[in-house]
Amino acid sequence: MYSCGPTVYWYQHIGNLRTYIFVDILKRVLLYNGYEVTHVMNITDVGHLTSDADTGEDKIELAAKREGKSAKEIAEYYTKVFMEDLKKLNILPPTIWCKASEHIKEQIELIKKIEEKGFTYRTSDGIYFDTSKLEDYGKLARLKKKGLLPGKRVPMKEKRNPTDFALWKFSEKPGIRQQEWESPWGIGYPGWHIECSAMSSKYLGEQFDIHTGGEDHIHIHHTNEIAQSEVAFGKKPWVRYWLHARFLTFKGEKISKSKGGLYTLSELEQMGFHPLAYRYFVLSAHYRKLLDFSIEKLKETQEAYLKIKSLIFEIATKEKSEKINKKYLKEFERFINDDLNTPKALQILWKLVRDKKAKGKLATIKEMDKVFGLNLIPETKIPEDVKRLVEKREILRNEKKFDEADKIREELKRMGYIIEDTREGPKIKKIE
Ligand code: AMP
Ligand code: ZN
């Protein structure tokens, strides 16, 4: 599975993160069903221009100018923040991370292949793919004959067809850009689409199973990835299944990073939200439906999330059975295996939690959480004496006896446990 990753010139907003949560659910459902998943995600750190039609400036170079840093520093900083966000959201890391700037050789090789097959031409600013030579160009997006969306205008410059796209762009004046490379065609940098074809084929082969992204990628980015890959590798279909997440909107408008974006995960945290409450919010809608964000809705979601966690905590303190409740698990599986129907699967979780007669709740919830990734199961296997000290510390803190409470914290540390105070109450962790 290949997932288009972020362009690291700015923080990823919560809309971007919706797409990665969807990818994570897809991957977890595959793993749950016993599939082996090799997952590749790229980091776009060069070549993505401010307009998807190959005009404008390179987003990373622009950010470097804006922040007075090097392109490398910009990419490294925003990549780090992105990876931290994934972790906070319980998103499983891909098997392989790959950066566009570290795969220039592979991209040049791929362009050469396309050139040998006669699908390229040269203009004064780069090497372009001639989409008119491909009978089924635009099939993913079901584009009309000339490949254009109604009402959409595309700057043509020297392009032969509106849908033609850059494979390699020349540096206007070599030595000015921070990121540029020698190539058989001149000094420059790769176009945005070629990186995903080059890196996915390097790690997954010339034909593979699943490719993901946000819905905005369908018309241009993925359409062009398909065109160039099917020409270069001569295999159809290049990818067997395409899955796209619909957008997160805000008051009905599309949220985009280039327009300043909306909230980042850290901003939500600063407002008192738990990252997993946002994950829950995303799971409450089907990935192929628009989801409209508001702070009010997130507040309600966080309440629901904390509520279910406390109900599960209660179950954990009482329940002894380690057997799975097959009836509930089956219902859950039916929904997640029906095009990742997470909202319905969450309903099953609630039904189980509230069912007074159901047995084996905890073991079943544990199974479900392999897919939800919501940390629903309280940490168990904490020794009784440690639990008692934690409780004692809570009482002292409530009585505002902080010095004594701190002494207990120290004692716990000596016993090998750290305690963190969170909005959901104290959390205990074993020191590794
Ligand atoms: P970018 O960093 O701009 O390349 O975007 C990273 C990912 O986020 C891509 O897969 C986009 O399709 C996706 N994306 C962008 N905006 C949104 C949004 N508002 N809702 C959901 N996904 C989005
Ligand atoms: Zn891509």
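**Exercise 1. A glutamate and its partners**

Leaving aside its neighbours within four places in sequence, which residues is Glu 61 in contact with? Place Glu 61, judge its burial, then list its partners.

*Solution.*
- Keep in mind that this is a predicted model.
- Place the residue. Glu 61 sits in helix α2, which covers residues 59-67.
- Judge the burial. The relative accessibility of Glu 61 is 9%. The cut-off for buried is under 20%. Glu 61 therefore counts as buried.
- List the partners. Beyond four places in sequence, Glu 61 is in contact with Arg 177, Gln 178 and Gln 179.
- Look at the atoms. A polar atom of the Glu 61 side chain lies 3.0 Å from the backbone nitrogen of Gln 178. A polar contact requires a pair of N or O atoms within 3.5 Å.

**Exercise 2. An open sheet**

Work out the strand order of the open sheet of 4 strands, and find its edges.

*Solution.*
- Write the order. The strands run β4-β5-β6-β7, and the pairing is antiparallel.
- Find the edges. β4 (120-123) and β7 (188-190) each pair on one side only, which makes them the edge strands.
- Add the twist. On average, neighbouring strands in this sheet are turned by 25 degrees against each other, direction ignored.
- Zoom in on one pair. β4 and β5 (residues 126-129) are antiparallel and share 4 bridges.
- Fix the register. Thr 120 stands opposite Phe 129 in β5.
- Trace the connection. A hairpin of 2 residues joins β4 to β5.
- Think about the side chains. In a regular strand they alternate between the two faces of the sheet.

**Exercise 3. Positive phi without glycine**

Locate Asn 90 and Leu 340, and state the phi of each.

*Solution.*
- Start with Asn 90. Its phi is positive, about 60 degrees, although the residue is not a glycine.
- Locate Asn 90. It lies in the loop between α3 (71-88) and β3 (96-99).
- Move to Leu 340. Its phi is also positive, at about 55 degrees, and Leu 340 is not a glycine.
- Locate Leu 340. The loop between α10 (326-336) and α11 (342-354) holds this residue.
- Check burial. The relative accessible area of Leu 340 is 8%, so Leu 340 is buried.

**Exercise 4. A cis peptide bond**

Where is Pro 237 found, and what is the omega of the peptide bond from Lys 236 to Pro 237?

*Solution.*
- Locate the proline. Pro 237 is in the loop between α6 (218-233) and β9 (239-245).
- Read the angle. Omega is near -10 degrees for the bond from Lys 236 to Pro 237.
- Name the geometry. This peptide bond is cis.

How values were computed:
Residues numbered from 1 in each chain as written. Chains lettered and ligands numbered in written order. Predicted model: local features only at pLDDT ≥ 70, side-chain atom pairs only at ≥ 80, totals over all residues. Heavy atoms only, no water. Pairing = 2+ DSSP bridges. Axes fitted to C-alpha atoms, helices over the stretch in contact; angles between N-to-C directions. Buried < 20%, exposed > 50% of the residue type's maximum accessible area, 1.4 Å probe, protein only. Polar contact = N/O pair within 3.5 Å; in protein donor to acceptor, adjacent residues only side chain to side chain. Contact = heavy atoms within 4.5 Å.
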